[in-house]
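The following exercises are to be worked through with the sequence and the structure at hand. Each task is followed by a solution in steps.

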Amino acid sequence: MNIIQKQQNETQLDNSSILEKEEFQKNANFIYQQWKTVNIKEWNTKILDIGHGEPIIFVPICRGLEAFDSLLIQHFAKTHRVITFERREDENKILDRKNRANDIKQVLDYLNIQKAHFISHSSGSVATTTLAIELPLLF
């Protein structure tokens with residue numbers, strides 16, 4: 001490979017990285033521009049609730065990473081009611097799996113949802129599994 005080809009390849013990689021950042025920002029904006037701020041039992045959070053049909057709950061792994069699910073949320077919103085929320089964070093106390101499961105349940109109660117499909121990964125799956133064990137009729 002000569003120097004010109006090497007520079008062209010590096011330029012393509014740089015441009016690809018820029019496009020990926022732009023695409024990610026576009027998907028992040030899809031989520032964040034549609035947030036609705038709500039207060040659920042003295043917990044201020046944000047909820048995205050779009051689409052129609054059977055509800056699908058995207059359980060967040062941590063605050064600020066909701067955009068990673070944006071493409072899936074957009075896809076499923078074509079045929080389902082899709083919900084995600086800003087996860088509670090507390091620097092002063094540990095929010096364990098039961099606290100996280102309770103937060104999911106509070107969101108469901110706030111939105112008057114008695115049964116849903118759930119999509120989660122990482123720590124979101126721990127909370128979702130805990131909820132499934134405690135309240136299997138939600139699933």
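**Exercise 1: Two packed helices**

Helices H3 and H4 are roughly perpendicular to each other, in a model that is predicted.

Task: Determine at what angle H3 and H4 pack, and which residues make the contact.

Solution.
Step 1. Two packed helices are described by the angle between their axes and the distance between the axes.
Step 2. H3 covers residues 97-110 and H4 covers residues 123-134; they pack at an angle of about 75 degrees, and their axes are 8 Å apart.
Step 3. Angles of 65 to 115 degrees count as roughly perpendicular, and therefore this term applies to H3 and H4.
Step 4. On the side of H3, the contact is made by Arg97, Lys98, Arg100, Ala101, Ile104, Lys105 and Leu108. H4 contributes Val126, Ala127, Thr128, Thr130, Leu131 and Glu134.
Step 5. Sorted by character, the residues of this contact are 6 nonpolar, 2 polar and 5 charged.

**Exercise 2: The nonpolar cores**

Task: State which elements give two or more residues to the largest nonpolar core.

Solution.
Step 1. In soluble globular proteins, nonpolar side chains tend to be buried together.
Step 2. The largest nonpolar core has 19 residues, of which Ile47, Ile57, Ile104, Val107, Leu108 and Phe118 touch the most other members.
Step 3. Two or more residues each come from strands E1 (36-40), E2 (43-50) and E4 (81-85), and from H3 and H4. The most, 4 residues, come from H3.
Step 4. Another core, of 9 residues, lies apart from this one; Trp35, Leu48, Ile50 and Val82 are among its members.

**Exercise 3: Two residues of one strand**

Task: Decide whether threonine 45 and isoleucine 50 count as buried or exposed, and describe what each of them touches.

Solution.
Step 1. Threonine 45 lies in strand E2, as does isoleucine 50.
Step 2. Buried means under 20% relative accessible area. Threonine 45 has 1% relative accessibility and therefore counts as buried. Isoleucine 50, at 15%, therefore also counts as buried.
Step 3. Not counting residues up to four places away in sequence, threonine 45 touches Lys36, Thr37, Val38, Ile40 and Glu86. The side chain of threonine 45 reaches the backbone oxygen of glutamate 86 at 2.6 Å.
Step 4. With neighbours within four places in sequence left aside, isoleucine 50 is in contact with Phe30, Gln34, Ile73, Ala77, His80, Arg81 and Val82.
Step 5. Isoleucine 50 and isoleucine 83 are 33 residues apart in sequence, while their C-alpha atoms are 6.7 Å apart in space.

Key. Residues numbered from 1 in each chain as written. Predicted model: local features only at pLDDT ≥ 70, side-chain atom pairs only at ≥ 80, totals over all residues. Heavy atoms only, no water. Axes fitted to C-alpha atoms, helices over the stretch in contact; angles between N-to-C directions. Parallel < 35°, antiparallel > 145°, perpendicular 65-115°, else oblique. Contact = heavy atoms within 4.5 Å. Nonpolar A, V, L, I, M, F, W, Y, C, P; charged D, E, K, R; others polar. Core = buried A, V, L, I, M, F, W, Y, C linked by side-chain atoms within 4.5 Å. Buried < 20%, exposed > 50% of the residue type's maximum accessible area, 1.4 Å probe, protein only. Polar contact = N/O pair within 3.5 Å; in protein donor to acceptor, adjacent residues only side chain to side chain.
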